[in-house]
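Reader: I keep bumping into words like "buried" and "perpendicular". Could you walk me through how such labels are earned?
Author: Sure, let's look at one model together.
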Amino acid sequence: MKFEEAAKFGTYISKSFAKDIFRLLNNYRDISASEAASRLGMHIQTVQDFLEAMADLKILSKKETIERKRPYFRYTLQQLKISFELDLMEELKTSKNSSLENSRLREKKNAGVRFSLARNGQYFSNLAIWVGKGRERSEKKINLTTAQGKFLYNLPFPDGEHLSLEEIRIKAGIENDDLPEIKDLVEELIQYKVIELFDK
């Protein structure tokens, strides 16, 4: 199951009326949204949204029926057992990561960022940036892991020669296992215009 599908399923299955609707679906050969809403004393649109969501997820099947020249759907329970598997490693892959691998980085000029050194002075412990405009402007503080702090400490200055992610990682003495959290931070700082990206 895709992440979006799992989120959708979780949203609807957590509704207080979910079990009651499934009970009706189990007891009736098929049922319409209006019939279910009437039976449960609920608003028809609420029931309709639930049934449609379950049909989209293939938990229910639906069949169009015409009564007095007016079409509507009848829903049938398709699955009596619901289980799903979510492959997080596959779902959380991003195209951004691959673009980072093929780019070179350095700090952006006039980024308006403030780095704070850790006690030993060997890496940064946190950074602060200004976000928003005018009166809505506020300071955002990001606490850094040791690996992230070392990476930013070795990030080329705005007037320096830009380096690849791998070159900075080696220079900073960061393990390969720490790369996912480095990439996560870099992607965020690109959005905040603290880091600029150059294609190789």
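Author: Since this is a predicted model, everything here is computed. Let's start with leucine 152: setting aside neighbours within four places in sequence, it is in contact with Phe115, Phe124, Leu127, Leu144, Leu185, Leu189 and Ile195.

Reader: What makes those residues contacts of leucine 152?
Author: The cut-off is heavy atoms within 4.5 Å. Phe115 and Ile195 are among the residues that pass it with leucine 152.

Reader: Which residues have the most contacts inside the largest nonpolar core?
Author: Leu105, Phe151 and Leu152, in a core of 26 residues. Strand E6 (124–131) and helices H7 (146–153), H8 (165–172) and H9 (179–191) each supply at least two of its residues. H9 gives the largest share, 5 residues. Another core, of 22 residues, lies apart from this one, and Phe17, Ala18, Leu24 and Ala55 are among its members.

Reader: Why is arginine 169 called buried?
Author: Buried means under 20% relative accessible area. Arginine 169 has 12%, so it counts as buried. You'll find arginine 169 in helix H8. Leaving out neighbours within four places in sequence, its contacts are Phe151, Ile174, Glu175, Asn176 and Leu179.

Reader: Why are H8 and H9 called oblique to each other?
Author: Their axes cross at roughly 120° and come within 12 Å. Roughly perpendicular covers 65 to 115 degrees, and roughly antiparallel needs over 145. The angle of roughly 120° fits neither range, so H8 and H9 are oblique. Their crossing is right-handed.

Reader: Which residues make the contact between H8 and H9?
Author: Leu165, Glu166 and Arg169 come from H8, while Leu179, Ile182, Lys183 and Val186 come from H9. By type, that's 4 nonpolar, no polar and 3 charged.

Reader: And what makes H2 roughly perpendicular to H4?
Author: Helix H2 (residues 18–27) and helix H4 (residues 44–56) pack at about 70°, with axes 11 Å apart. The range for roughly perpendicular is 65 to 115 degrees, and the angle of about 70° falls inside it, so the label holds. This crossing is right-handed.

Reader: Which residues meet where H2 packs on H4?
Author: On the H2 side they are Ala18, Ile21, Phe22 and Leu25; on the H4 side, Val47, Phe50, Leu51 and Met54. They divide into 8 nonpolar, no polar and no charged.

Technical notes: Residues numbered from 1 in each chain as written. Predicted model: local features only at pLDDT ≥ 70, side-chain atom pairs only at ≥ 80, totals over all residues. Heavy atoms only, no water. Axes fitted to C-alpha atoms, helices over the stretch in contact; angles between N-to-C directions. Helix = DSSP H or I, 4+ residues; strand = E, 2+ residues; numbered from the N terminus. Parallel < 35°, antiparallel > 145°, perpendicular 65-115°, else oblique. Left-handed = near helix turned anticlockwise from the far one by under 90°. Nonpolar A, V, L, I, M, F, W, Y, C, P; charged D, E, K, R; others polar. Core = buried A, V, L, I, M, F, W, Y, C linked by side-chain atoms within 4.5 Å. Buried < 20%, exposed > 50% of the residue type's maximum accessible area, 1.4 Å probe, protein only.
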